[in-house]
Amino acid sequence: MSFVPGLTLARRFHDEVVAPLLARRLPGLRYSAGLLDGGSELLGLDTARSTDHDWGPRTQVFVAAAPDAASVRAVLDAELPARFLGWPTRFAGGPTVRLGTVRADGDRHGVSVDELGAWLRDRLGVDPRIGLTAADWLATPTQRLAELTGGAVFHDGLDGALTAVRARLAWYPDDVWRHVLAACWQRVAQAEHLAGRCAEVGDDLGSRVVAAGLARDLMRLGLLTHRRWPPYAKWLGTVFAALPAATPVVDALTTALGPGDWPARQSGLVRALETVAGWTNGTGLTAPVEPTARPFHDRPFLVLDAGRFTEALRAAITDPHLRDRPPLGAVDQYLDNVDVLTRPGRARRVAAAVLPDRPPVVDSGPGA
């Protein structure tokens, strides 16, 4: 079978199989459909390699009420064809959020059916249609936002609800954006001098490890300044490199992480820091901050003094409650654990726990 990009396959599967089947068997059914639940194909980054797991003809169907879901599932279970464009539509193994790791004919198809609100609460911990607080935004990993605003909508028969949700999740409100950027620069400020200190005492490996952490933070910062949701680690470099302005930073970070000595590493870091600092000024979220590197006190290495950006961004926040928060940012800026970040209940509890002056979030719903 020749490779077909997953979104193309999913759209054709909906348009040529699922939609006609539902129209014939459940005429008048109001539903929306798309692919928003995860996978490299949502970012257009799947390849032939992706087809060895969690991949195939699939679609998500969203209905307005739970009883409708049962009727749709019954029709799909009974009447979906065995194959589409040569790919099996049914898979071996028990039910999972995505398709199973075994790509073979089986008894489980790739069309999920959910009431829209329940799916959103399970995916995000909140239904965006009722509004999003600053706390909701900050408790949501950017990978989830990238998935929901990536992918595609194939049909939106629920009065445009799915399209409206994606529009609402397109980007942060400005004050939340300022807070998240301030937290990014805070992380840089806390580490930017450490690579030089490690090198100074002969710890070249330690210096490289610090430089790699700074590179990750700068790549996330760069995406955020360009209003792009940073994806998780596998695709961070790919998505960052696709930014129209990314080439100078990619070159600089390649130097910083390459085989050169400390002076070469410092040169790369400084070029990357100064460029991303300029991008931050370009957002217009705060008055410009001088984006050039300078000595770290009287020590023989250069830093941006990134805390200046943190302070400027925080000072520009107009929401007093958000301005008073410590510059921790979104949950995936201070937490790097897949088993938490992929479970909204856990992520929201962690996000609440880092702010002891706020009442804890009580969440016993899906994803907990």
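Colleague: At what angle to strand 7 does helix 3 run?
Modeller: This is a predicted model, with local features needing pLDDT of at least 70, side-chain atom pairs 80 or more, and totals for chains, interfaces and linings using all residues. Numbering starts from 1 along each chain as its sequence is written, and side-chain values use heavy atoms, without hydrogens and water. Helix 3 (residues 116-124) lies across strand 2 and strand 7; helices (H or I, at least four residues) and strands (E, at least two) are DSSP runs numbered from the N terminus. Taken between N-to-C directions on a scale from 0 to 180 degrees, with axes fitted to C-alpha atoms (for helices over the stretch in contact), the angle to strand 7 is about 100 degrees.

Colleague: Which strands stand at the edges of the sheet?
Modeller: The open sheet has 4 strands in the order 7-2-1-8, with mixed pairing (strands pair if DSSP finds at least two bridges between them). Each edge strand has a single partner, so one side of each lacks a neighbour in the sheet. They are strand 7 (111-115) and strand 8 (152-156).

Colleague: Which residue in strand 7 stands opposite Val63?
Modeller: Strand 2 (residues 59-63) and strand 7 pair in the parallel sense over 5 bridges. Opposite Val63 in strand 7 is Glu115.

Colleague: And which helix touches strand 1, strand 2, strand 7 and strand 8?
Modeller: This helix packs on the sheet, its direction making about 15 degrees with that of strand 8. Spanning residues 6-25, it is helix 1.

Colleague: Is Thr142 buried or exposed?
Modeller: Thr142 lies in helix 5 (residues 142-149). Beyond four places in sequence, its contacts (heavy atoms within 4.5 Å) are Tyr172, Arg220, Trp229, Pro230 and Asp332. Because its relative accessible area is 2%, below the 20% cut-off (exposed is over 50%, partly exposed in between; 1.4 Å probe, protein chains only), Thr142 is buried.
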